[in-house]
Amino acid sequence: MREETDLAASRSGRGPEPEVDPIDVPGFVEAIVGAIDAGDADVLRGLVADLHESDVARLLEALPASERPRLIELLGADFDFTALTELDETVRVQILQGLSTQTVVEGMRDLDSDDAVYILEDLDDDEKQAILAQLPIPDRATLQRSLDYPEESAGRRMQTEFIALPPFWTVGQALDYIGETEGLPETFFEVFVVDPSYRLSGSVPLDRLLRTKRGVKLGEVLTPDRHVVNVTDDQEGVARVFERYNLISAPVVDSGGRLVGVLTVDDIVDVIQEEADEDLKALGGVASDEELSDSFWYIARSRFTWLFLNLIAANLASFVISLFEGELQKMVALAVLMPIVASQGGNAGTQTMTVAVRALATRELRPSNAGRIIGRELLVGLFNGVVFAVIMAVVVFARFGVLDLGFVIALAMIINLVAAALGGILIPLALDRLKVDPAVSSGPFVTTITDVVGFFAFLGIASLWFA
């Protein structure tokens, strides 16, 4: 029936109707709140039984803060703690702090190690240790080892559940082991082949395993892994490797080359999203960990530094203007036109800076091609400067009837757009060379350059021309 509906829709020129988001169904959240207030676990289970964990996360965010832990307590073993990995950090920590330690421990028993680490890492050390202390010793040791790796490293992201077999096993033995053994990973893409010291020899993809005769040994069909990840590798660099080579998974080894985990593409998608989100926020002067659920006071504090830097830049630009106070009093048109030059330069600088910061983050901009990119941006700035100079010269002449004033603003526009292009790429490059995050720090510097150069060029040329 579904296929017929989709076919009919396609023939009528329309796509299939989009699925209704259960959280947006009128009365759904209210029904959940009613079931929680009544303590009716059976009704609650019936309402959320078919929800995906990401929808459960959205439901938790839609509920009042006091109702979130109660929903989890009422559902008990039927609540999938994987949903907590889909939440904002602030909401997740608030929920965990509202739950009993025993509830958290029971909920984490069935989680993959990477999801368990993701939930634990944001808690205070005391809360973290209280939960770990109640887990079975093997699970506790595994999670603690992952938590000991640096933040945003492959060791924090990896899943420690994987299938590793010796090279002398046959394909038949491997298939029987996979089919009969309990506790294996829910999702996996290959069988890893290791020596007695657990050093990685290679891997056998599942498709090759299924197509190979049962009597063939794994050592004869393995593929040496070319993209092995070290536990201390930065997650952003690992994500670039996945993107470049279209990987689905990659083995993770320690300093001795021993297999300790595996990274899968679903983990890397989260990394890519986090890094892109972090860069986007940084360009806007917002803290990388700011979320919609954060408190007023936290957001106000986190944004203060950026606004303070912009205030310093504005005062510097204001000082430059004050140097030409006499010229501004003689010709009011200068005050009217002055912001146009600075604004156009600021926008051009931001465009160049955004491209440069993103190219640095993805390692597309390197020392080997930096000269060519700088030259290109310089030409772009010069071209746009000339085009907008001509446009503004015509507009100013038509508006004020002063040909010389049109020439002044045209020349200032060219100078500022060239300066914006150079500043927009040279500043991120310089900050990156100094090991400073260009996404966080480039904005105030570029803004200051375009404002100061714009005002100084326009007013300086005008004072000389009309002297």
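Colleague: How many salt bridges does the structure hold?
Modeller: This is a predicted model. Side chains of opposite charge can pair when their charged atoms come close. In this structure, the number of salt bridges is 13.

Colleague: In the salt bridge of Lys-128 and Asp-125, which of the two residues is buried?
Modeller: The closest N and O atoms of this pair are 3.7 Å apart. Both residues lie in helix α9, about one helical turn from each other, because they are three residues apart. Asp-125 has 55% relative accessibility, so Asp-125 counts as exposed. Buried means under 20%, and at 11% the buried residue is Lys-128.

Colleague: Is Arg-211 buried or exposed?
Modeller: Arg-211 forms a salt bridge with Asp-207. Its partner, Asp-207, is partly exposed at 41% relative accessibility. Exposed means over 50%. Arg-211 has 71% relative accessibility, so Arg-211 counts as exposed.

Colleague: Which helix holds both Arg-45 and Asp-42?
Modeller: Their side chains meet in a salt bridge, 3.4 Å from N to O. Arg-45 is partly exposed at 29%, while Asp-42 is exposed at 60%. The two residues are three apart, about one turn of the helix, and that helix is α3.

Colleague: Where does the largest share of the nonpolar patch come from?
Modeller: The patch covers about 730 Å², and its residues include Phe-407, Leu-411 and Ile-415. α19 and α21 each supply at least two of the patch residues. The largest share is three residues, and it comes from α21.

Conventions. Residues numbered from 1 in each chain as written. Predicted model: local features only at pLDDT ≥ 70, side-chain atom pairs only at ≥ 80, totals over all residues. Heavy atoms only, no water. Patch = residues over 30% accessible without salt bridge, like charges linked within 9 Å, V, L, I, M, F, W, Y side chains within 5 Å. Areas by Shrake-Rupley, 256 points an atom, 1.4 Å probe, with all protein chains shown as cover. Salt bridge = Lys/Arg side-chain N within 4 Å of Asp/Glu carboxyl O. Helix = DSSP H or I, 4+ residues; strand = E, 2+ residues; numbered from the N terminus. Buried < 20%, exposed > 50% of the residue type's maximum accessible area, 1.4 Å probe, protein only.
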